[in-house]
2 protein chains.
Amino acid sequence: MARIRAKPLHAQARQAVLERILRGELAPDTRVVESRLAEDLGVSRTPLREALMHLEREGFLKLEPNRGFFVAPLSAEEARELYPILAMMECEALRLGGLPGTARIEYLGSVNERLAEAAADSERAFQLNAEWHTILTSGCPNRTLLKMLAGVRRKMYRYEWASLPQAARIEAAAEQHAAIAFALEQGDADGAGRDLQEHWQTELDALLPRIGASADSSGGR
Amino acid sequence: MARIRAKPLHAQARQAVLERILRGELAPDTRVVESRLAEDLGVSRTPLREALMHLEREGFLKLEPNRGFFVAPLSAEEARELYPILAMMECEALRLGGLPGTARIEYLGSVNERLAEAAADSERAFQLNAEWHTILTSGCPNRTLLKMLAGVRRKMYRYEWASLPQAARIEAAAEQHAAIAFALEQGDADGAGRDLQEHWQTELDALLPRIGASADSSGGR
DNA sequence: GTAAAGCATATTGTATACAATATGTCGTCG
DNA sequence: CGACGACATATTGTATACAATATGCTTTAC
C-alpha cells in the first residue's frame, strides 16, 4: 500500500540480481544467461538487460561481447585495491564531517555492542558492521562522496560475505571500532583516522587468506 | 582493416552521447527524447536506452520515471563536492605511486610547457591539462583507484569545459603544475600532495563564479 | 471567464521478433 | 587416431511492436 508509484522493472530486476550476487547465490564466474534469468524473475529480457548492464557498470558483472554476462570473480588483487580505497574514503568522510557529537558517539557504541554480541550470527553481524560504518561517516556533508562510498562498500560486501563465519574477527573488529570511537570521544580526529586505516588493513589481512591469496598486502602502504 | 571486432552499438551510442554532453552540445537540463536521438544517431531505441542508462549511472543524465532522461544540470554544489574528491583521489594515487622517476618528471614538464603555450587555444589546453594529471597519477599501482579517478575526471570535464576560455587561469594552473613537479623532483612527496590539494582548491575557486555561485568553497577544508 | 474533466497525442516502459555471432557436434579427410 | 570443416543449436545484439503513463488541448459546467 505504501508506495504510490511502482518501481520500474529494470530497477527491481537489478536489485533482485544484485542480492543474488552479494549472497553468493550467483557465484563468481557463473555465466548469466539472459533468457533463463528473465524467465526466472518473471520479466522480459529488455529490462533485465538494462539491469545487467547497470550491474556490469558497478563491477558486479563482466560483459564479454557477443558471449554474455558473467559474475565478476572475487580476486585477491581487487580486494587489495578496494580496501585501501575504502579506508581513504571513510577517513576523508570522517574528516569532512568533523568530530561527531556525543549522541552519535553513543549511537556508535550501542551498535558496536550489539555487533560484539552478534558474533555467533554472522549475517546479523554483517549487517551491524555495515551499519556502524555508515553511522561513522554519516556526518560527512559531501553527498557525492557518500554515494561513491556506498558503491565501494557494496563491492566490498561480496568479499566480507565470502569470509563471514569468523566469530574471532567480529570481536576483533568490535574492539577496533571501540578504539576509533574512543579517539573521537577524546577529540582526537587524527588518531581516529589512523585507527580507521589500521582497521581496514586488519580486515584486509584477515580476508586475503580466505580467498586464496598467498602474497601479503603491504604493497600499498 | 584495423578493427577486427566492431564495438556494440550501445557502446558507440554511449560515447557519442557523452561527447555531446561534455561539449555542451546537449546542454544541462535538456530533455532527451529517445526516439529523436535514436533516429539522429541511426540506431534503434534499445541500444540507445542502454547507453542512456549507462550515462545516468555515471551522473551525466537524470532519469525521471515515466518522464524520461534529462541532461544533469551543472551545480555549484556538485562542483564543491567533486573537486575535493578529485584532490583526495589524486593525492592518494600520487602517494601510492611513490616518487616518479626523472623520465616521468621530465614528461610532466614538457606537457606543462605545451600547456602554458596553448593558453590561447582553450580546447587544446583542456586536453593537455587532462593529460598532465593523467601522467601525474600514472604511477599508481591501484588500477581500481585509477578507474574511479577517471570516472570523476569525466564528470569534472563538464565543469572545466563550462569555464574554459580563460587564458589567465591556464597560466596559473601551469605554474602550480610546475610547483608540484618541482616538489616531486626534490623528493618532497608530502609537499607535492599539499600543492596538489591547493591546486584543486584554486581550480574550484576559479570555477564557482562562472557557474553562478555566490558562496565560497571553504566549507570542506 | 475560469476551472475542471475528458479526450487526443506524445513519450516512456516492456515485450516480442528478428539478425548476427559464438559454440558444440558430427562427419570426413589425411 | 587426430584435426579440420560444415552444419545445427544456443545465445547475444538489435529492431520493432505494443502497453502504460504523462502531457496538452478542447470542451463544458458553473
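The following legends describe close-up views of a predicted model.

**View 1. The open sheet of chain A has three strands in the order β1-β3-β2.** Pairing within this sheet is antiparallel. Strands β1 (31-32) and β2 (61-64) of chain A occupy the edges, and each has a single partner strand, so one side of each lacks a neighbour in the sheet. Helix α3 (residues 45-57) of chain A packs on the sheet and touches β1, β2 and β3 of chain A. The direction of this helix makes about 110° with that of β2(A).

**View 2. Strand β1(A) pairs with strand β3 (residues 68-71) of chain A.** The two strands are joined in the antiparallel sense over two bridges. Within this pair, Val32(A) is found opposite Phe69(A) of β3(A).

**View 3. In chain B, strand β1 (residues 31-32) pairs with strand β3 (residues 68-71).** The pairing is antiparallel and extends over two bridges. Opposite Val32(B) stands Phe69(B), a residue of β3(B).

**View 4. Strands β2(B) and β3(B) form a hairpin.** Strand β2 (residues 61-64) of chain B runs antiparallel to β3(B), and four bridges join the two. Three residues lie between the strands. In the turn, Asn66(B) adopts a positive phi of about 65°. Glu64(B) has Gly68(B) of β3(B) standing opposite.

**View 5. DNA strand C is surrounded by 18 residues.** The closest are Pro8(A), Leu9(A), Ser44(A), Thr46(A) and Gly68(B). Elements giving two or more residues to the surface near DNA strand C are α1 (9-22) and α3 of chain A, together with α2 (34-41) of chain B. Of these, α3(A) gives the most, with three residues. By class, the surface near DNA strand C comprises six nonpolar, eight polar and four charged residues. Gly68(B), one of the closest residues to the DNA strand, is also the residue opposite Glu64(B) in the hairpin of View 4.

**View 6. Chains A and B meet through 22 residues of chain A in contact with 22 residues of chain B.** On the side of chain A that touches chain B, two or more residues come from each of α3, α4 (76-97) and α7 (143-162) of chain A. Helix α4(A) supplies the largest share, eight residues. This side of chain A contains 10 nonpolar, four polar and eight charged residues. Helix α3(A) thus appears in several views: α3(A) contributes to the side touching chain B, gives residues to the surface near DNA strand C, and packs on the sheet of chain A.

Key:
Residues are numbered from 1 along each chain as its sequence is written. Chains are lettered from A and ligands numbered from 1 in the order in which they are written. This is a predicted model: local features need pLDDT of at least 70, side-chain atom pairs count only at pLDDT 80 or more; totals for chains, interfaces and linings use all residues. Two strands pair if DSSP finds at least two bridges between them. Two residues are in contact if their C-beta atoms, placed from the backbone, lie within 7 Å. Axes are lines fitted to C-alpha atoms, for helices over the stretch in contact, and angles run from 0 to 180 degrees between N-to-C directions. A residue is near a molecule or strand if its C-beta atom, placed from the backbone, lies within 6 Å of it. Ala, Val, Leu, Ile, Met, Phe, Trp, Tyr, Cys and Pro count as nonpolar, Asp, Glu, Lys and Arg as charged, and the others, Gly among them, as polar.
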